[in-house]
Amino acid sequence: MSSDNAKPVPDVGDPYMGPFWEAARHHELVAQACVSCNSLRFPALPICPKCLETDSKWIPVSGEGTVWSFAIYHRAFHPGFTNDVPYVVAIVENTEGLHFPGNIVGDRSGLNVGAKVHVVFEEISAGVTLPRWVLTPSKG
Amino acid sequence: MTRVSGEVAIVGIGWTPQGELPGQSPELTSVNAIKAALKDAGIDRKTVDGLVACKSVQGTNSDVDIGPLLGINPRYSQSLDYGSCSFSLHLAVQAIVSEMADTLVLCFGSDSRSGKLSFATGYGHSPAVTLAHASGLMHVAGMAALGLQRHKSKYGTTDEQFGHIAVGQREWAQMNPLALFRDPLTMDDYLSRPYMVEPIRREDVTMISDGGVAVVVTRADRVGEFRNEPVYLVGMAEQSALTGDYEPGYLDRLFLQAMAEQIWSTTGLGPTDIDLLYIQDPTAFWVLQVLEYFGFAPVGDGGPWLAEGHTRPGGDLPINTNGGQLSESYMWGWLHLVEAVQQLRGNAGQRQVVAPEIAMYCSTQGWQKGGATILSTHKL
């Protein structure tokens, strides 16, 4: 890791995860689907661990989910996050049961395990967009 | 009782100073710990016909790099990527019962503190920046915070209940001259400390250390050749969860339940048989999970159970009486094994528990593997 203060940035041209980052750039949440057994997986793997077939495609998945858990960082373990503390990282379980790590942004009131969230997309550097999550206000 | 019960005994323990050992390689530190363990066992290294090296966190300290310094060519020699102490100990037991070795020395050496190893990297299998890492999910404290937050939300566990782990281990550490953290830590102190990754505080997380540990094990019918009272292995179990962080919910570490079931069913023992409990604790949350999954407290009730004081000095289930990795030193659990032996020998000084007979040690490699071992002063 470089010693500068830039945030760690994913390689959007990565052969496995590239399609995910490309979709995020277009504000679409996707996961890898096994062509043989249709099971979904995230992050990408070069083979389906359910059926051991290698053919896969990326398909849009639900940007709605609930907070599986969350952590509030009061300390920056990487200089790129120094100006962000306290920041929230959650694991979000989307409608299909996939788990996505990501920041909870916006109003945090009502943040808890099980809270409803929906995805938003934020460009963190040129050409690099992260899915993040916003609490969905409960109706009544 | 399992077939391996009483077949193997720990007959020597050794360790180096902990903290910062600048300029000392893990291999040199290992050999220094081995010297101490051989002295404790009362044997010459020529007696050793097996070596199991536990690689350092950075992947150094393999048997072939220790060998030239140690100056022996035992018939059996292996390295484990993550020996922790249960995995190395279990491999040694397998070597002994399969007659590939009679007397083995197990070692661990680390220069991770002076080598400035960082816990701050992302977690995952790829050195590439992942979505998790780019989102700032890093350091084992973050993973523990996710796990604990979920526990708090599901079961109502409070900071004060959880704080009994760090506070209790500090009370034990204050009686351990080897422990790096011996300043008093009251519950009020604990609760007033800031969160590092909420709901985890600095006091709930280990601090990386340099140091080495070694253990001598032998065939049970050879124990008379050694200086100390033997400590027998009476049960062991391992369980993997190799799908790791690709498995949704991996931080719940449910595989520990399968490991618990194995060791209780193969030994015929249960939680009430255990006099002393050792749990490898890079974070205090790992302790809470083991307590519940092994049945020491009902799942979800670990918080209230801890608040009853069972685990602290004077309690009925002392845990990590060395101070654990939170207060003693981060030796990947090796010093927990050493402490279990010290206590069972009755040599634990000021922190000695009254006449313990059975100790259990549980260690985990994050969310991917675990091992459990039961030790006793006698064959069961």
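This is a short tour of a predicted two-chain model, stop by stop.

Before you click, some ground rules: residues count from 1 along each chain as its sequence is written, and chains are lettered from A, ligands numbered from 1, in the order in which they are written. Because the model is predicted, local features need pLDDT of at least 70 and side-chain atom pairs count only at pLDDT 80 or more, while totals for chains, interfaces and linings use all residues; side-chain values use heavy atoms, with hydrogens and water left out.

**Stop 1: chain A**

Select chain A and switch to cartoon. You'll find 1 helix and 8 strands (DSSP runs numbered from the N terminus: helices are H or I with at least four residues, strands are E with at least two). Trace the chain from the N terminus and the helix comes up before the strands, in the order α-β-β-β-β-β-β-β-β.

The C-alpha trace spans about 45 × 45 × 25 Å along its principal axes. Chain A has a radius of gyration of 16 Å, which agrees with the value near 14 Å for a compact globule of 140 residues (taken over C-alpha atoms; the rule is 2.2 Å times the number of residues to the power 0.38). Buried residues make up 44% of the chain, where buried means under 20% relative accessible area, exposed over 50% and partly exposed in between, using a 1.4 Å probe and protein chains only.

Now colour by charge: chain A carries 10 positive and 14 negative side chains, with the centres of the two sets 6 Å apart. Lys and Arg count as positive, Asp and Glu as negative, and His and the chain ends are not counted; each charge is placed at NZ of Lys, CZ of Arg, CG of Asp or CD of Glu.

**Stop 2: chain B**

Over to chain B, with 12 helices and 11 strands. Its C-alpha trace spans about 55 × 45 × 40 Å, and its radius of gyration of 19 Å agrees with the value near 21 Å for a compact globule of 380 residues. Here 65% of the residues count as buried. With charges still coloured, look for 26 positive and 40 negative side chains, whose centres lie 5 Å apart.

**Stop 3: helix α5 of chain B**

Select residues 140–155 of chain B. This is helix α5, whose 16 residues reach 22 Å from first C-alpha to last, close to the 22 Å expected at 1.5 Å a residue (that is, 1.5 Å times one less than the number of residues). Since 13 of the 16 residues are buried, α5(B) is largely enclosed by the rest of the structure. Just after α5(B) comes B:Gly156, with a positive phi near 80°.

**Stop 4: B:Leu251**

Next, pick B:Leu251 in the loop between β8 (231–240) and α8 (255–267) of chain B. B:Leu251 is buried, at 3% relative accessible area. Show what it touches (contact means heavy atoms within 4.5 Å): beyond its neighbours within four places in sequence, its partners include A:Trp68 and A:Ile91 from chain A, along with B:Met143, B:Leu146 and B:Trp367. For scale, B:Pro298 is 47 residues away in sequence and 18 Å away in space, C-alpha to C-alpha.

**Stop 5: B:Ser363**

Finish in strand β10 (residues 358–365) of chain B, at B:Ser363. Is B:Ser363 buried or exposed? Its relative accessibility is 1%, so it counts as buried. Leaving out neighbours within four places, B:Ser363 contacts B:Ser84, B:Ser86, B:Met259, B:Gln280, B:Lys369, B:Gly370 and B:Gly371.
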